[in-house]
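Colleague: Before I trust any labels here, could you walk me through how they were assigned?

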Amino acid sequence: MAQSSKQSDGVGVIGTGLMGSAIARALARGGQEVMAWNRTMAKVEALRSDGIEPARSLNCLLENCGLIIICVSDYDSAAELLFTAQVEQRLKGRVLVNHTTGVAPVVRKWAAWAAQNDIGYLDAAIMNYPKAVGREDCLVLYSGCTASYQRHSAQLANLGGQVKYLGEDPASASCFDLGLMGFYYATILGFLQCAASLSSEGIDPAILPSMMPLFRPIIEDTFGIANQMISKRRYEGQQATIDTHFAALGFLRARAAEENVASDLLATLENLLGAAIDIGYGAQELPAVFEVFAARKDKAAHRQTHHIISKAV
Ligand SMILES: NC(=O)c1ccc[n+]([C@@H]2O[C@H](COP(=O)([O-])OP(=O)(O)OC[C@H]3O[C@@H](n4cnc5c(N)ncnc54)[C@H](OP(=O)(O)O)[C@@H]3O)[C@@H](O)[C@H]2O)c1
């Protein structure tokens, strides 16, 4: 890509840390013309051998590329780079895809800023590690301006085989990103707790990954049932009550303590089930714990309303 001031169909990637580099490489592998800029130039120079052209400056990248992707540590750093009159002018009429992890209110503010400046805005989330970017099994979420997504969907498809556009609300990708990350951490920490518990008994946990597919049916069955129950907010069933699960967790936690394995995760799970029992769900099925999570949100909303009313009177 010639570094003139003529906009091309090329893609510009701002931020070539671990994830930004993987994005730039996947685009280049997919046959896109890719230019990249990074605060620390050495990281972008290292991408030359992957067919990625280092931009002399951020302005140079903005002038040359029709589609701009940013992936830096956080939204504050992204704002430092892009919230200037000069950059806003250069981005006018182009599409900006933000792969930086952020929270819904901030994403919505960015979408409003983009709309004010005639910039097509998409928020994005890669639900995997850099090594998976561009792979068939890599899930990538987009949300925001539909026309912008349609315009660049073929280029963005290079980032993964499982690309999902979630609609006009720019914050949808971020909401799923944060929700699924919470799910990921809870699952992996559960796995690590299990491995530590086996090790403490002198059992090699190496067999665990091969056992996981055999354990998957009960997990997937519980997802399905939980989904049905949550949609009706009714949790009666004939399989196992929360009282039974609570007793099992108490037993697991006590055994972990005897094994000298950290029992903090199990204690947290036990507390959540205990809270479900306290609000009357002891005789119902496990998905009723949804009401404990939801009740915290209701309480927060109540506190906020109370605060607004007390300020008003
Ligand atoms: N790694 C993952 O597995 C993964 C997965 C999904 C999502 N993400 C998200 O992707 C984003 C980047 O993560 P990463 O793993 O690539 O992190 P990283 O390797 O630490 O890279 C951070 C990038 O941000 C740049 N940066 C930070 N502060 C800056 C500033 N004030 N001005 C200009 N540039 C700045 C860094 O530039 P320098 O090189 O100059 O420091 C670097 O390019 C994060 O929002 C992360 O949550 C990461």
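**Labels and their cut-offs**

Modeller: Around the ligand sit 22 residues, and those that come nearest are Gly 17, Met 19, Arg 39, Thr 40 and Thr 101. Being near a molecule means that the C-beta atom, placed from the backbone, lies within 6 Å of it. Mind that this is a predicted model: local features need pLDDT of at least 70, side-chain atom pairs count only at pLDDT 80 or more, and totals for chains, interfaces and linings use all residues. Numbering starts from 1 along each chain as its sequence is written.

Colleague: Which helices each supply at least two residues of the shell around the ligand?

Modeller: Helix H1 (18-29) and helix H4 (75-82). Helices are DSSP runs (H or I, at least four residues), strands likewise (E, at least two), numbered from the N terminus.

Colleague: What makes Asp 118 count as exposed?

Modeller: Exposed means 12 or fewer other C-beta atoms within 10 Å of the residue's own, buried 20 or more, and partly exposed in between, with C-beta atoms placed from the backbone. Asp 118 has 11 such neighbours, so it counts as exposed. Asp 118 sits in the loop between helix H6 (104-116) and strand S6 (120-126), and its phi is positive, about 60°, although it is not a glycine.

Colleague: And why is Arg 233 called exposed?

Modeller: Arg 233 has 11 C-beta neighbours inside 10 Å, so Arg 233 counts as exposed. Arg 233 belongs to the loop between helix H9 (208-232) and helix H10 (242-258). Its phi is positive too, near 55°, in a residue other than glycine.
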